[in-house]
Every structure is written in C-alpha cells, then in structure tokens.
Amino acid sequence: MTLQVLLIDDDPDLSLMLRTLLRGQDFRIDAVFTGADGIDAARSSSLDVVILDLLMPEMDGWEVCQRIREFSDVPILILSALGAPGSVARALDAGADDYLIKPVHASLLASRLRALVRRKAVKETVQAA
C-alpha cells in the first residue's frame, strides 16, 4: 500500500531529496512550498501523513499545524532544523504528532512516518468498534 505524504516546506530541494531518499519505500510525496498552499492541500486531499517545516516565510509551521488541526486529525511530523526544546514543545503543543531534526536518516524518517500512520489506523479501528 502506498502512503500519501504531503510535504509542506519552502525548500524545493528538500522535496527532491525526500523523493530520492524514500524511493522504493511505498511513499508518494506531494510537495507545496507555502503554508497557505499546505493548508489548502491538507483540506482537499486524502492524506496519510504530513511532513511540515517550521521556518517558512509568511506563515510559519506552528501556525500551519494549528490551522490543519482545526479540520483534520492527519498525523503531522515536524521536520525542522530547530532542535531547541522550546521549539519542539511549541510544535507538539500546536498539534504535531512527532518531531525530527534535520538532517535525518531516510530509514528513521520512513519508520516514523509508518508508525504515525499505524497509530492513526489503530485509533480509527478502536473508535469504530
């Protein structure tokens, strides 16, 4: 099963790099480069997981995360160069489900993405029962 991933990051090179790193691992990555476009894509797409950067112009990742949480429970993984405990805590408080610091090894990123999707599937199964 292919997992549908939305990458929200202002760096187009990261999109290419993630596609390369995760090639052959059942991920389909769609990328948008602004927070507003990310919110629109999250609202209109059937997603399994979102990868979100924090440092973006116009609308930062913390706000994007909060806005997505207003209408969706899609798992959100923060992938950021910021590693300060305050940044991590603020992202988790904004609604993020996980946080990784750039650079990250492809196998760790893939494992975390799969874990988030599994956790959501279990939650939905329990709620349906």
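**Exercise 1.** Determine which ring lies under the charged end of Arg43, and which residue lies over the face of Trp62.

*Solution.* The charged end of Arg43 sits over the ring of Phe71, 4.1 Å from the ring centre. The criterion for a charge over a ring is NZ of Lys or CZ of Arg within 6 Å of the ring centre and within 35 degrees of the ring normal. Over the face of Trp62 lies Arg90, at 4.0 Å from the ring centre.

The model is predicted: local features need pLDDT of at least 70, side-chain atom pairs count only at pLDDT 80 or more, and totals for chains, interfaces and linings use all residues. Residues are numbered from 1 along each chain as its sequence is written, and side-chain values use heavy atoms, with hydrogens and water left out.

**Exercise 2.** Describe how helix α2 and helix α3 cross, and identify the residues that meet.

*Solution.* Step one concerns the axes. Those of α2 (residues 35-44) and α3 (residues 61-69) come within 10 Å and cross at roughly 20° (axes are lines fitted to C-alpha atoms, for helices over the stretch in contact, and angles run from 0 to 180 degrees between N-to-C directions; helices are DSSP runs of H or I, at least four residues, and strands of E, at least two, numbered from the N terminus).

Step two concerns the contact (heavy atoms within 4.5 Å). Gly35, Ile39 and Ala42 in α2 meet Val64, Arg67 and Ile68 in α3.

**Exercise 3.** Locate the cis peptide bond and the residue other than glycine with positive phi.

*Solution.* The cis bond joins Lys102 and Pro103, with omega about -10°. Pro103 is in the loop between β5 (98-101) and α5 (106-128). Asp26 has phi near 65° and is placed in the loop between α1 (12-21) and β2 (27-32).
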